[in-house]
Amino acid sequence: MTDRTEPSVDEFAKFVHAVHGHTLFPWQEQIVDRLLTGGQWPSAVDVPTGLGKTTMIDVAVYMAAYGGPRRVFFVVDRRIIVDEAHDHAQTLATALREASSGVVADLSAKLAARGTALGAEPVNVTRMRGGVSWEWRWVARPDQVSVVVGTIDQIGSRMLFRGYGTSPQLAPIDAALVGTDSLLFLDEAHLAEPFLQTLHALREFDQPEQRVAEFPRVVQLSATTRAGVDQMPFDLAAHLDNEEAARRLTAGKRLSPVTCAAKHTTEVMATYAHHGIQHHPGGMVLVMANTVARARELFTRLRHTPEVQVMLLTGRSRPWDRQWLLHHWLPHMRVGWRHHAQAQPTRVIIATQTLEVGANIDADFLVTEAADYPALVQRLGRLNRVGRAEHDCQAIVVQPQTSQPAVVYGDAQQHTWTWLTSLQQATTVTPRTAEAALDSIDGINVSPRALREMPPPPPQARRPAPRTPTVVPQHVNGWVRTAPIPIPDAPIGPFLHGISTQDSPVGVLWRADLPHTQSTGELLRAVQASVERLAPRPHEIVEIPLPAVRAWLRHQPEPAALADVDTADTAGDEDRAGRGRRVVRLAAEPTLAGPDELAPGDVIAVPDTYGGLDDYGWNPTSTEAVLDVADLASGRRSPFVRLHPRTLPTAVAKVLDADTEAETSVLLKDFLDTFDPDDLILPDTLPAESDEDGALTGLLERWWNRLRDADPTLAELPTRLVDITNPTTDTSLVLAVTHRTALRAGDNASSQSATAVQLDTHQDEVADLATRIAKALGLDDLATEIGLAARWHDLGKLDLRLQAEFHGGDHAAANAALATETARAKSGLDPADRAAFRAARRASGYPLNGRHEALSAHLAQHLLTGRDEELDRELVVHLIGAHHGHNRPLYPPVHDPAPPQTITLTDGTTVDTHGFTTIDWASPARFARLNTRYGPWGLALLETIVRLADIACSAGEYHPEETCR
């Protein structure tokens, strides 16, 4: 019997079976054996579609239990695959958390033992993609084992110290967590070549004098890996001896190439879709188009087919709408639907590239436009995905006859077509002859096994990777400067996706709580009020190429086809005729803008009556009012609901699948008419006089319960409803579900606590925890420096003025606290009472936006002069100065007309601070030297240890009984 305490392939097989209920494929056994016998992670894993590449997450977590990288990143540039990988990781994390015995419980204990947090999750799971809100503190401690699934934008931007959607003060923490002690899986790596090139270049620059953590190991996952990559060999014979693998490798798939006049392409594809519907009743037909316009045309032709359900899925839709569609459709699309398909309607999914990669979709019949070779292989991978169909499944590939290069795939599409037709001659069809032509076509065997045994296509059958700019030292030296960010600052987009001729998109959001008719000035004021009441959320924004937005606002046709990949050239919008409708460009100060004034990267707000969107995404021809989903898109930290006759009824009815609009509109109007705008805080239930039969209260309760069901982390929050605006009968009353547990990593917010905490106590706790984390990470050589920085990080709070602020503005109480060595690190003021904080600040005399860590670092330099041991004094000073994310390399300028002349430390020592300023001009040179000494990501990791220890102790997560490991 295998000893459970020793890692082995058998133990891993038991682990996977216990968690997911299936056995291993030979390639999975091979990679675990390689790693357990001292081998390194391969640079690439080339596995046919349908053979479980997501199991690499399980492999990485298993190896983490035995000393492998603590953070596992599964990176893919398709949102739907991010969601599926996240589900897989959540299943794994749940099994580890709930296991009470056996191999899973054994692994769970080993994973937990790698960190310092008592009772922590064995594995923390985070999803990062646009349109999803996640905690800024997505890893509580850097010694915690974590799985993160996300897009190149979200994970890559964090690697480069410019995390999308995060603050500059948090950027170093995110960079450290991605760039150290991590393993990056790039799924479908052919979509990520620019990011891959950037990672290789960064590895060359990360050559510190003293390495504190390894640079991330990168593993490419793909069914179409380019030749020349050092990859793990795939043993086809071994997989053909495995029953399940053999069924998937030999899954019956026959491909028929057809060609037609370009003007007939949509009609021919629709004809073949109807053929699939007729021959697969109760099954699933997948139609894949290269552009959003083609997909829309096909949807229009097929959506009213009798007794057939038709869905359109593109990347040009709001994340909320996409989630709504997938919530209803995914159970009937993904692998496994055949097991419970009893008398179900035939379903047709029309999609663009958004379903092309990795999606666990299992179709009976495929109609697709011709594409380049990797795209074609991926599309075939959605057909009879695991070989469960009782018959060979058919794929029709349609190539338009044209002399123009393909819009999306360029010359690579023609080279792929030439290779394909060398295997079987294409049949030329018209809309009338298309279906009959199938009777004379046998089709090519395109099972995964057959594809691997075919003569390979020429290299030109793949789109060339976008040109990626060369990373030079100046780029890295600029990116690590996060506070302040240098001007100019090298944009990171080209280093993540390459240089493209496509315009950057414009984000568009629709709001219904705006007047239907207004002047442009009224529009600006109305939008300003709307976004002030409820800030824009990612879920309600759709990104559209700039030329398409301009054309829509001018009521003109789209200037070019839109693909769901960043290769279609939509630039060159030279026709500027017509002023078009005005929009509000959202920024620090919202401004009115016409079509010509918009720029790439803008986010604009428009009234819902502008149209342009339907349930399936971007539809510039639609004139129907757009559903306002701002309430439904609220983030987990601050869920909101607007009590407005045009927002709440329609949005909530959408979620509840109930037609509540008529009955609630009257109730809402009565409520707004009778509500006293002077009341700033509502009771936990709505006033009885405005809701006599309880219908409105019941509606809100159902809304809140549905939100909590979708996100269990909300269950612990109080459901108090707070008014944050002055409502009238024609504007929204916004109700927010509030809580008082949020801690931020920047500014002085961590000084806010409803319970006063003494300074010495807090600093001792942070020092103890930071030291424990450093030792858990194997940083014993720097544990002293980290401990000292943590122990002195808040010495600047000994400033009498700041102590007065912590005592509600009472200088006498502050003096008494300093005299009795009971200075505070946490104020004891209610964090929810902002007015009290402002009053205390004014009474204290402490400068606005003052930086206590600047004084802490100044005092630390004095304390360091009396120590004899070998220390990196520069590191200690920097870790203190950067513990709120500033001073990389400078603090923000603060006007302090009367800085302290002396500071009395808690041991009674008085330090002369004459000459202290809030700007440390020695810091830039020190910061540069430390980046050379420890590397950009290594230095960020050392900062992160102190910062996350500080945050954990501030949140009450310090446990003195924890033992160093």
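# Helix Packing and Backbone Exercises

Helices H31 and H33 cross in a right-handed manner (the near helix is turned clockwise from the far one by less than a right angle; anticlockwise would be left-handed). The model is predicted, with local features requiring pLDDT of at least 70, side-chain atom pairs pLDDT 80 or more, and totals for chains, interfaces and linings using all residues. Residues are numbered from 1 along each chain as its sequence is written, and side-chain values use heavy atoms, without hydrogens and water.

**Exercise 1.** Determine how H31 and H33 pack, and which residues make the contact.

*Solution.*
1. Locate the elements: H31 covers residues 873–881 and H33 covers residues 936–954 (helices are DSSP runs of H or I with at least four residues, strands are E runs of at least two, both numbered from the N terminus).
2. Take the geometry: the axes are 9 Å apart and the packing angle is about 60° (axes are lines fitted to C-alpha atoms over the stretch in contact; angles run from 0 to 180 degrees between N-to-C directions).
3. Classify the angle: H31 and H33 are therefore oblique to each other (under 35 degrees is roughly parallel, over 145 roughly antiparallel, 65 to 115 roughly perpendicular, the rest oblique).
4. List the contact (heavy atoms within 4.5 Å): H31 contributes Leu875, His878 and Leu879, while H33 contributes Leu939, Leu942, Glu943 and Val946.
5. Sort the contact of H31 with H33 by class: 5 residues are nonpolar, 1 is polar and 1 is charged (nonpolar: Ala, Val, Leu, Ile, Met, Phe, Trp, Tyr, Cys, Pro; charged: Asp, Glu, Lys, Arg; polar: the others, Gly among them).

**Exercise 2.** Carry out the analysis for H25 and H33.

*Solution.*
1. H25 spans residues 759–776, and its axis comes within 8 Å of that of H33.
2. The two axes cross at roughly 130°, and H25 and H33 are therefore oblique to each other.
3. The crossing of H25 past H33 is right-handed.
4. On the H25 side, the contact consists of His762, Glu765, Val766, Leu769, Ala770, Ile773 and Ala774. On the H33 side, Ile945, Val946, Ala949, Asp950, Ala952, Cys953 and Ser954 take part.
5. By class, the contact of H25 with H33 holds 10 nonpolar, 2 polar and 2 charged residues.
6. Set the two contacts of H33 side by side: Val946 is listed in the contact with H31 and also in the contact with H25.

**Exercise 3.** Characterise the peptide bonds from alanine 483 to proline 484 and from arginine 888 to proline 889, and place each proline in the fold.

*Solution.*
1. Between alanine 483 and proline 484, omega is about 0°, and the bond is cis.
2. Proline 484 sits in the loop that runs between helix H18 (473–479) and helix H19 (493–497).
3. Between arginine 888 and proline 889, omega is near 20°, and this bond is cis as well.
4. Proline 889 belongs to the loop between H31 and strand S28 (902–904).

**Exercise 4.** What is notable about the phi of asparagine 384, and where is asparagine 384 found?

*Solution.*
1. Recall the background: most residues other than glycine have a negative phi, and most peptide bonds are trans.
2. Asparagine 384 is not glycine, yet its phi is positive, near 45°.
3. Asparagine 384 lies in the loop between helix H14 (373–380) and strand S13 (393–401).
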